[in-house]
Amino acid sequence: MKAVVLAAGEGTRLRPLTEDKPKGLVEVADKPILTHCFEQVADLGAEELVVVVGYKKEKIIEYYGDEFEDIPITYAHQREQNGLAHALLTVEEHIDDDFMLMLGDNIFRANLEDVVRRQREDRADAAFLVEEVPYEEAGRYGVCVTNDYGEIQEVVEKPDEPPSNLVMTGFYTFTPAIFPAAELVQPSNRGEYEISEAIDLLIRSGRTIDAIRIEGWRKDIGYPEDREEAEERLLEETSTAD
């Protein structure tokens, strides 16, 4: 299974850390965020990394070259950062089977293997990791509504009135059916092509999408304080292991 990692963003909220480098090369616990991502998908058995680059892309390409721990890397260029569904379409030509998708600004210490295992069971057309957050925070994310079997019934991007407090985390598995769905996505009120809309189109077409609840933790590195918190947690885990 290939792993797509989205790393085109500018990371304006992380400035000054991103003034001279892309977001993915900001270090957390002495490693770039992207290295954490690559290690995670490598542990999950990724046979190829397909990395979407954009802002200061040459620095990512120079840093990693054409492989990571003997796993080949293919780069796709997102010329304008117009949303995750838009980014996903840049890799369509490189994907011909089920694949993992990870947002390249997240650090996970969680049960990602459960998501991959569910995809390989051929029971679902997609699966992704979800977590419960306080209701007052849910409107910052893609919010999920599930049935009694844990299947996603609806996904709403950053709603004013969240229908639940179960949100997407940034790790998914898909079949190539996500690409035609992404092509049908129209710009949201934010002017972006949202991956939640592509997922919702899959659901409405009768596809089965499973939600896997997170066990462990993850941190979206959006602000300098997020980086500091993730670093503290990683260093704490390292010291505990020692």
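Reader: Is Leu201 buried, exposed or partly exposed?
Author: In this predicted model, Leu201 counts as partly exposed, with a relative accessibility of 21%. The buried class requires a value under 20%.

Reader: Where is Leu201, and what is it in contact with?
Author: Leu201 belongs to helix H7, which covers residues 195-204. Leaving aside neighbours within four places in sequence, Leu201 is in contact with Ala181, Leu184 and Val185.

Reader: How far is Leu201 from Glu154, C-alpha to C-alpha?
Author: The C-alpha atoms of these two residues are separated by 9.4 Å, and their positions lie 47 residues apart along the chain when counted as a separation in sequence.

Reader: On to the core. Which residues of the largest nonpolar core touch the most other members?
Author: Those residues are Phe38, Leu49, Met100 and Phe171, in a core of 42 residues. Helix H1 gives the most to this core, with 6 residues.

Reader: What does Leu49 touch?
Author: Residues up to four places away in sequence are not counted here. On that basis Leu49 touches Ala3, Phe38, Val41, Phe68, Ile71, Pro72, Ile73 and Thr74. Apart from the core of Leu49 lies another core, of 37 residues, among them Val50, Leu103, Phe174 and Ala211.

Reader: How do S4 and S6 pair?
Author: Strand S4, residues 49-53, pairs with S6 in the parallel sense, over 5 bridges. Within S6, His77 is the residue that stands opposite Val53.

Reader: And S5 with S6, parallel or antiparallel?
Author: S5 and S6 run antiparallel and are joined by 2 bridges. Phe68 stands opposite Ile71 in S6. The two strands form a hairpin with 2 residues between them, and in that hairpin Glu69 takes a positive phi near 50 degrees.

Reader: Is Glu69 buried or exposed?
Author: Glu69 is exposed, with a relative accessible area of 53%. The loop that holds Glu69 runs between strand S5 (67-68) and strand S6 (71-77).

Reader: What about the backbone at Asp30?
Author: Asp30 is a residue other than glycine with a positive phi, near 70 degrees. Asp30 sits in the loop between S2 and strand S3 (31-32), and its relative accessibility of 67% makes it exposed. A further positive phi, near 60 degrees, belongs to Asp122, which follows H4.

Reader: Which residues does the cis peptide bond join?
Author: The cis peptide bond joins Arg15 and Pro16, with omega at about 15 degrees. Pro16 lies in the loop between strand S1 (2-7) and strand S2 (27-28).

Reader: Back to H4. Which of its residues are buried?
Author: The buried residues of helix H4 (residues 112-120) are Leu112, Val115, Val116 and Gln119. They lie on the same side of H4, because they cover an arc of only 95 degrees around the axis.

Reader: What covers the buried residues of H4?
Author: The cover includes helix H1 (33-43) and several strands: S7 (99-103), S8 (106-110), S9 (126-132), S12 (166-174) and S13 (209-213).

Reader: Staying with H1, is His36 buried or exposed?
Author: His36, which is found in helix H1, is buried, with a relative accessible area of 4%. The side chain of His36 reaches the backbone oxygen of Val28 at 2.8 Å.

Reader: Which residues does His36 touch?
Author: Not counting residues up to four places away in sequence, His36 touches Val28, Lys31, Ile107, Arg109 and Leu234.

Reader: Last topic. How many disulfides are there in the whole structure?
Author: A search of the whole structure finds 0 disulfides.

Reader: Why is Cys37 in no bond with the closest cysteine?
Author: The closest cysteine sulfur is that of Cys144, and at 20 Å from the sulfur of Cys37 it is too far for a bond. A disulfide would require the two sulfur atoms to be within 2.5 Å.

Reader: Are Cys37 and Cys144 buried or exposed?
Author: Cys37 counts as buried, at 1% relative accessibility. Cys144 is also buried, with a relative accessible area of 1%.

How values were computed: Residues numbered from 1 in each chain as written. Predicted model: local features only at pLDDT ≥ 70, side-chain atom pairs only at ≥ 80, totals over all residues. Heavy atoms only, no water. Helix = DSSP H or I, 4+ residues; strand = E, 2+ residues; numbered from the N terminus. Buried < 20%, exposed > 50% of the residue type's maximum accessible area, 1.4 Å probe, protein only. Arc of directions from axis to C-beta. Contact = heavy atoms within 4.5 Å. Polar contact = N/O pair within 3.5 Å; in protein donor to acceptor, adjacent residues only side chain to side chain. Core = buried A, V, L, I, M, F, W, Y, C linked by side-chain atoms within 4.5 Å. Pairing = 2+ DSSP bridges.
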